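This briefing is meant to be read with the sequence and the coordinates open side by side. Please follow each point on the structure as it is raised.

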Amino acid sequence: VNLAGQHQAILATANGEADHVHLLLSLNPKVAPSVFVNNLKTVSSRLIRKNFGEELAKVYGKKPVFWSRSYALLSCGGAPVSVIQQYIEQQAAPH
């Protein structure tokens, strides 16, 4: 499934921690970010459950929801993309 291609999105970088992910995306202005995020969560949840269902069941039981309903969308304002990319890449490092 090429969700980014369907929504004309470009993934610049991705990283995260145990309880969340950070994505640096470039979206077509015609694409509503909230629609993209909700589709991403739906599709990724389905694929993760399909490929890792047994392992997930050991950790999460039969919890009906993989992702929480919340998310944050932030614009980068005047910050250089390289600074934001560096921030995201450092998120997996211990604080």
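Isoleucine 10 stands opposite serine 26, a residue of strand β2, and in a similar way alanine 9 has leucine 27 of β2 opposite to it. The model in which these pairs appear is a predicted one. The points below move from the strand pair to the chain as a whole, then to single residues, and end with the largest pocket.

**The strand pair**

- Strands β1 and β2 run antiparallel and are joined by eight bridges, among whose two strands the facing residues include isoleucine 10 and serine 26.
- The two strands make up a hairpin, with two residues lying between β1 and β2.
- Aspartate 19 is found in the loop that links β1 to β2, and because its relative accessibility is 65%, above the 50% cut-off, aspartate 19 counts as exposed.
- Although aspartate 19 and tryptophan 67 are 48 residues apart along the chain, their C-alpha atoms are separated by 9.6 Å.

**The chain as a whole**

- The secondary structure consists of three helices and two strands, and these elements follow the pattern α-β-β-α-α when the chain is read along its sequence.
- The chain has 95 residues, of which 20% count as buried.
- Its accessible surface comes to about 7400 Å², and carbon and sulfur atoms account for 58% of that area.
- When contacts between residues at least 6 apart in sequence are considered, 53% of them join residues that are at least 24 apart.

**Histidine 22 in strand β2**

- Histidine 22 lies in strand β2, and it counts as buried because its relative accessibility is 17%, which is under the 20% cut-off.
- Leaving aside residues up to four places away in sequence, histidine 22 touches Thr13, Ala14, Asn15, Gly16, Tyr87, Ile88 and Gln91.
- One of these contacts, isoleucine 88, is 66 residues from histidine 22 along the chain, while the C-alpha atoms of the two are separated by 6.2 Å.

**Serines 44 and 45 in helix α2**

- Serine 44 has its place in helix α2, and at 17% relative accessibility, under the 20% cut-off, it therefore counts as buried.
- Computed along the sequence rather than through space, serine 44 and tryptophan 67 are 23 residues apart, whereas the distance from C-alpha to C-alpha is 9.3 Å.
- Serine 45 also lies in helix α2, and because its relative accessibility is 13%, serine 45 likewise counts as buried.
- The contacts of serine 45, not counting residues up to four places away in sequence, are with Phe66 and Trp67.

**The largest pocket**

- The largest pocket holds about 1500 Å³ of space.
- Its lining is made up of 44 residues, and those closest to the centre of the pocket are Val21, His22, Leu23, Leu40 and Ala72; of these, histidine 22 is the residue described above as a buried member of β2.
- Two or more lining residues come from each of α1 (3-6), β1 (9-17), β2 (20-27), α2 (33-60) and α3 (81-89).
- Helix α2 provides the largest share of the lining, with nine residues.
- Sorted by class, the lining of the largest pocket contains 32 nonpolar residues, eight polar residues and four charged residues.

Key:
Residues are numbered from 1 along each chain as its sequence is written. This is a predicted model: local features need pLDDT of at least 70, side-chain atom pairs count only at pLDDT 80 or more; totals for chains, interfaces and linings use all residues. Side-chain values use heavy atoms; hydrogens and water are left out. On a 1 Å grid over the protein atoms alone, a cavity is a set of points where a 1.4 Å probe fits but cannot get out, and a pocket is an open set with protein on both sides within 12 Å along at least five of seven lines; lining residues have an atom within 4 Å of a point. Grid points are joined across faces, edges and corners, and a volume is the space filled by probe spheres set on the points. Helices (H or I, at least four residues) and strands (E, at least two) are DSSP runs, numbered from the N terminus. Ala, Val, Leu, Ile, Met, Phe, Trp, Tyr, Cys and Pro count as nonpolar, Asp, Glu, Lys and Arg as charged, and the others, Gly among them, as polar. Buried means under 20% relative accessible area, exposed over 50%, partly exposed in between (1.4 Å probe, protein chains only). Contact means heavy atoms within 4.5 Å. Accessible areas come from the Shrake-Rupley method with a 1.4 Å probe; for residues, only the protein chains shown count as cover. Two strands pair if DSSP finds at least two bridges between them.
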